[in-house]
Amino acid sequence: MKFRAPGREPITLALLSGHTLTVTNEPAGTPVSPEFRREAISKGCEPIGLDLGTGKKVSKADKKRADDIVAGLNKMLDSDDDDLFDASNKPDLAKLSKTVGFDVTAEERDQHWSVIESDLKQR
């Protein structure tokens, strides 16, 4: 997956392992390996060509919605509150919706959660 820095200046990503990666603002984007993606998103880097599985260009509103859901999932993941997750260890849909401030569908939650789970397993 490729990302682009949000402004004119490149963004340097750093992991606790000591590995670093610089994301530029070149239109083609910078390839970002899975272990850096969470850090790239948290620093405001923009995914290039993100389509939510539809094969269509993603509107700014859809991208913002997806970004908000991912941020909400990460916030829940970083919390010490086990009640935020259901019996199947997925984020509770009602609590995720409350965290992001709008109704999230199970399909949206599952789509974004599977990406986060995959990234966590690769660490």
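Two strands count as a pair here if DSSP finds at least two bridges between them. Keep that in mind for the hairpin of β2 and β3, which has five residues between its strands. Within this hairpin, G18 takes a positive phi, near 100°. The pairing itself clears the cut-off: four bridges join β2, residues 11-14, to β3, residues 20-23, and the two strands run antiparallel. If you want a spot to start tracing the pair, A14 stands opposite T20 in β3. One thing to bear in mind as you look around is that this is a predicted model.

Now zoom out. The protein has four helices and five strands. Reading from the N terminus, the order is β-β-β-β-α-β-α-α-α, with four strands ahead of α1 and a run of three helices at the end. Of the 123 residues, 28% are buried. The accessible surface comes to about 7900 Å², and carbon and sulfur atoms hold 51% of that. As for how the chain folds back on itself, take the contacts with a separation of 6 or more: 49% of them link residues 24 or more positions apart.

Back to the strands, and to a residue worth a stop. T30 sits in strand β4, which covers residues 30-31. Is T30 buried or exposed? It's buried, because its relative accessible area is 11% and the cut-off for buried is under 20%. Leaving aside residues up to four places away in sequence, T30 touches M1, K2 and F3, along with T22, V23 and T24. With T24 there is a polar approach too: a polar atom of the T30 side chain lies 3.1 Å from the backbone nitrogen of T24. Looking the other way along the chain, P47 is 17 residues from T30, and their C-alpha atoms are 9.4 Å apart.

Next comes helix α1, residues 34-42, where P34, F36, R37 and A40 are buried. Seen down the axis of α1, those buried residues fall within an arc of 130°, so they line one face of the helix. After α1 you reach G44, whose phi is positive, near 90°.

That leaves the interior, and here the helices of the second half come in. The largest nonpolar core has 11 residues: I69, V70, L73, M76, L84, F85, L96, V100, V104, W113 and I116. Helices α2 (60-78), α3 (93-100) and α4 (106-121) each supply at least two of them. Which helix gives the most to this core? That would be α2, with four residues. For a closer look at one core member, try L73: not counting residues up to four places away in sequence, L73 touches P91, L96, R109, H112, W113 and I116.

There's also a second, separate core, this one of nine residues, including I11, V23, V32 and A40. Two of these should look familiar: V23 is among the residues that T30 touches, and A40 is one of the buried residues of α1.

Notes: Residues numbered from 1 in each chain as written. Predicted model: local features only at pLDDT ≥ 70, side-chain atom pairs only at ≥ 80, totals over all residues. Heavy atoms only, no water. Buried < 20%, exposed > 50% of the residue type's maximum accessible area, 1.4 Å probe, protein only. Contact = heavy atoms within 4.5 Å. Areas by Shrake-Rupley, 256 points an atom, 1.4 Å probe, with all protein chains shown as cover. Arc of directions from axis to C-beta. Polar contact = N/O pair within 3.5 Å; in protein donor to acceptor, adjacent residues only side chain to side chain. Core = buried A, V, L, I, M, F, W, Y, C linked by side-chain atoms within 4.5 Å.
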